[in-house]
Amino acid sequence: MSTQRPPVQLVASGDSRLSANQKCWPAQNALEEALNNAVEKLGYSVQRAHLVTDQGHGFIDSQKRGMEVFRTIAPDAPLIVAEAVWQYSHHVLAGLLSHQGPILTVANWSGQWPGLVGMLNLNGSLTKAGAEYSTLWSEDFTDDFFLGHLKTWLETGTVHHTTDHVASLEPKWIPQLASQTGKRLADELRQDKAIMGVFDEGCMGMFNAIIPDHLLHPLGVFKERLSQSALYAEMREVSDDDTNKAFQWYRDQGMKFHFGESDVEDLTPNQVLEQCRMYIAAVRLADQFGCETIGIQYQQGLKDLTPASDLVEGTLNSTSRPPVFDRHGSKELYAGQAIPHFNEVDECAGLDAMMIHRIHRILRQPVETTLHDLRWGSPDQSGTTTQYVWVFEISGSAPAEHLGGWNQCHGYRQPPMYFPKGGSTLSGVSRPGEIIWSRIYIADNALYMDLGRGESLALPPEETKRRLEGTTAVWPIMHGVTYGVSRDQMMAKHKANHVQVAYAEDVAAADQAFWTRAAMATALGIRVNLCGTQKDGSSWHKKG
Ligand SMILES: C[C@H](O)[C@@H](O)[C@@H](O)C(=O)CO
């Protein structure tokens with residue numbers, strides 16, 4: 001039956017780090033086997049467009065390799081991009097943008113490696129580029145949701161997901177006070193302007209994370225393009241005394257570093273000292289260039305020079321952090337304030353964080369915010385809730401305030417396959433509370449914001465352990481619930497790399513912050529989508 005039809009082509013984009021590609025290859029192999037079985041059951045066949053190399057993995061591991069592979073693929077062939085791992089979108093973007101046949105991105109519903117995140121990054125990048133694609137996910141590729149959609153794609157070349165949980169915001173829905181505050185804050189930003197410091201744009205092929213200047217400038221936000229070499233040079237200027245004081249500060253606050261002996265496998269005090277230097281250097285550069293927010297790319301370039309920047313990033317996002325003085329020791333910089341940091345230079349998240357800070361400051365709500373990956377999700381097995389619980393997790397840091405304070409924070413070594421020079425994570429479990437979640441993304445040459453409400457839940461230790469062990473246990477986690485948005489709705493509408501989260505004191509305060517953000521974003525010209533429902537299940541449009 002299958003022999004009559006041309007085979008579906010399959011490509012797999014990977015990391016650019018050989019160590020990660022080799023370690024994660026077995027998971028990709030297992031995904032492809034299950035996926036091939038599903039396609040074959042439906043009467044079609046799959047052909048891999050590139051083979052396993054003598055390096056011991058079958059991933060496209062660079063843009064160059066991606067272009068070579070795509071030169072061999074018939075331009076109109078049906079094409080699946082299958083992802084079980086974190087991948088760099090630019091490896092395959094060039095080929096996908098000129099491909100004329102139907103494209104399907106697929107990930108396995110597994111937290112083991114960030115494959116879902118990799119696929120979502122690719123989806124966001126294709127969306128920004130205006131490319132047509134369909135997308136699917138599955139736990140074992142035998143469920144009806146997956147097989148039904150796969151059949152449709154094989155037969156018609158597209159899959160449609162209903163997104164009726166999303167409403168395009170009409171300004172008249174916004175309550176008056178929130179509308180006025182949001183508009184005032186937007187006017188201030190446009191009038192006074194603000195600087196976003198970007199340490200090496202284009203982190204890890206995240207095309208979707210780069211906001212084109214012509215979309216950013218009308219908001220009053222301008223990029224200062226900084227270099228990670230400048231950060232490294234500034235680190236070398238930080239005195240041993242200042243470095244040691246910062247290290248002592250973490251210990252005095254009760255942060256628990258999990259040290260070992262081996263620099264290759266374990267976290268060592270020297271790695272943390274280097275991170276303290278980086279933290280001080282980053283604050284000084286932010287001050288020198290007048291940045292309201294900064295983003296450090298870190299994984300490429302910096303990872304071969306110094307330990308990972310996560311501890312730095314989480315610390316910058318915390319209001320309570322080691323004091324930093326200028327080089328002469330005369331003036332404390334950004335005293336009493338967090339300096340919002342957008343990990344992996346996700347500029348969309350950076351813009352969002354900047355808005356959150358301005359809004360939550362005025363509303364006297366917690367300003368600390370972070371992005372997370374939509375890493376995985378699983379129904380709660382502890383009997384605490386019947387709501388679907390996401391694993392919001394990011395690759396190394398969250399603000400200490402989210403994790404319940406510094407004495408609840410743990411510093412573990414970053415996984416060696418990603419970070420050869422180690423570095424401490426800023427890990428822990430996010431405290432329970434009401435949250436506002438959001439994601440800014442680019443489509444149709446415009447900025448969009450999806451906005452929703454939800455909750456960070458407390459789950460018993462065994463359930464937390466299950467979730468950590470099902471993902472990357474050394475990274476910080478939030479047990480996230482999204483009001484009125486199911487797992488598949490959340491996935492289908494996700495066109496960003498990350499999800500941004502901020503807390504508010506209670507339901508009313510969170511709703512107020514939600515509406516004020518909607519108002520500020522609208523006044524800035526960002527197109528806002530309200531997702532899901534209020535906490536009590538009622539729709540957003542009835543309010544206001
Ligand atoms: C270390 C990995 O490469 C991470 O960067 C990846 O899982 C992400 O967090 C992507 O947002």
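Domain 1 and domain 2 bury about 2800 Å² between them, with 61% of it on carbon and sulfur atoms; buried area is the accessible area (1.4 Å probe) that two parts lose on being put together, summed over both. On the side of domain 1, Arg17, Trp109 and Lys128 lose the most area to domain 2, together 26% of what that side buries.

This is a predicted model, in which local features need pLDDT of at least 70 and side-chain atom pairs count only at pLDDT 80 or more, while totals for chains, interfaces and linings use all residues. Residues are numbered from 1 along each chain as its sequence is written, and side-chain values use heavy atoms, with hydrogens and water left out.

Domain 1 covers 8-156 and domain 2 covers 171-536, with bounds from an automatic or database domain assignment. The table lists values for the pair.

| Item | Value |
|---|---|
| Separation of domain centres, over C-alpha atoms | 29 Å |
| Residues of domain 1 in contact with domain 2 (heavy atoms within 4.5 Å) | 33 residues |
| Residues of domain 2 in contact with domain 1 | 32 residues |

Between the domains there is 1 salt bridge (a side-chain nitrogen of Lys or Arg within 4 Å of a carboxyl oxygen of Asp or Glu). The side chains of Glu139 and Arg487 form a salt bridge at 3.8 Å, N to O.

The elements giving two or more residues to the side of domain 1 that touches domain 2 are α1 (18-41), α3 (90-98) and α4 (115-129); helices are DSSP runs (H or I, at least four residues), numbered from the N terminus. Of these, α4 gives the most, with 11 residues.
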